[in-house]
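Hi there,

Here is the model I promised to pass on to you. Please open it alongside this email, so that you can follow the residues as you read.

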Amino acid sequence: GDVSLVGFPSDNVDFINNTFDGTIVAGGEALGSESTNSNVTQNIFKGTLTSTYALYESWKDDALVNFNNFHDTTGVIVRDSDPDAGPLNAEDNWWGEAAPAGHLAGNVDDVPKEAAAFPEN
């Protein structure tokens, strides 16, 4: 018979070269990942996105969140929801400004930061 994969964790789910744009409902997020060994790389999170929660949330600290353009600087951009591990690697991202403040929640390493946005197509 068939073997169901329900309940087994995902692994190596990558988000590369995507553009996130639109409206996020209150308490929502543009992208959330529970997969181990994930890469969130070279994505664009447009300035039209606003969230009262976060633009990206990770439940696994082994994710790599690097080389993204996060244009929203008015709220939490990256949230680490894996309190027993850490920190979440969110280095080398553009945070919408050279010296962002209040853009992280949880145990997130965002140093070094990019001084300008990456080129976008």
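Below is what turned up, going from the whole chain down to single residues.

First, some ground rules. This is a predicted model, so local features need pLDDT of at least 70 and side-chain atom pairs count only at pLDDT 80 or more, while totals for chains, interfaces and linings use all residues. Residues are numbered from 1 along each chain as its sequence is written, and side-chain values use heavy atoms, with hydrogens and water left out.

**The whole chain**

The chain has 12 strands and zero helices. (Both are DSSP runs numbered from the N terminus: helices are H or I with at least four residues, strands are E with at least two.) The C-alpha trace spans about 55 × 30 × 30 Å along its principal axes. The radius of gyration of the chain is 14 Å, which agrees with the value near 14 Å for a compact globule of 121 residues. (That radius is taken over C-alpha atoms, and the globule rule is 2.2 Å times the number of residues to the power 0.38.)

Of the 121 residues, 38% are buried. (Buried means under 20% relative accessible area, exposed means over 50%, and partly exposed is in between, with a 1.4 Å probe and protein chains only.) About 6,500 Å² of the chain is exposed, and carbon and sulfur atoms supply 51% of that area. (Accessible areas come from the Shrake-Rupley method with a 1.4 Å probe; for residues, only the protein chains shown count as cover.)

Among contacts between residues at least 6 apart in sequence, 63% join residues at least 24 apart. (A contact means heavy atoms within 4.5 Å.)

**Charges**

There are 4 positive and 20 negative side chains, and the centres of the two sets lie 5 Å apart. (Lys and Arg count as positive, Asp and Glu as negative; His and the chain ends are not counted. Each charge is placed at NZ of Lys, CZ of Arg, CG of Asp or CD of Glu.)

The salt-bridge count comes to one. (The rule asks for a side-chain nitrogen of Lys or Arg within 4 Å of a carboxyl oxygen of Asp or Glu.) The partners are K113 and D110, with their closest N and O atoms 3.1 Å apart. K113 counts as partly exposed at 31% relative accessibility, whereas D110 counts as buried at 8%.

D92 is worth a look as well. D92 sits in the loop between strand 10 (88–89) and strand 11 (104–105). It is buried but has no salt bridge, and the nearest side chain of opposite charge, K113, is 10 Å away. Leaving out residues up to four places away in sequence, D92 touches N66, F67, N68, P112, E114 and F118.

**After strand 12**

Two of those D92 contacts, P112 and E114, bring us to the segment after strand 12 (108–109), where P112 is found. A cis peptide bond joins V111 to P112, with omega at about 10°. E114 is in that segment too, and counts as partly exposed at 22% relative accessibility. Beyond its neighbours within four places in sequence, E114 is in contact with D92, N93 and W94. E114 and G96 are 18 residues apart along the chain, and their C-alpha atoms are separated by 9.4 Å.

**Two buried strand residues**

F70 belongs to strand 8 (residues 69–70) and counts as buried at 0% relative accessibility. Setting aside residues up to four places away in sequence, F70 touches F45, V65, I77, V78, N93, W94, W95 and G96. From F70 to H103 the C-alpha distance is 9.9 Å, with their positions 33 residues apart in sequence counted as the separation.

S33 lies in strand 3 (residues 31–33) and is buried, with a relative accessible area of 3%. Beyond its neighbours within four places, S33 is in contact with S38, Y56, E57, S58, W59 and K60.

**Two asparagines with positive phi**

N12 has phi near 60°, a positive value in a residue other than glycine. Its place is in the segment before strand 1 (15–16), and N12 is partly exposed at 48% relative accessible area. For N17, phi is also near 60°. N17 lies in the loop between strand 1 and strand 2 (19–20), and counts as exposed at 55% relative accessibility.

Happy browsing, and best wishes!
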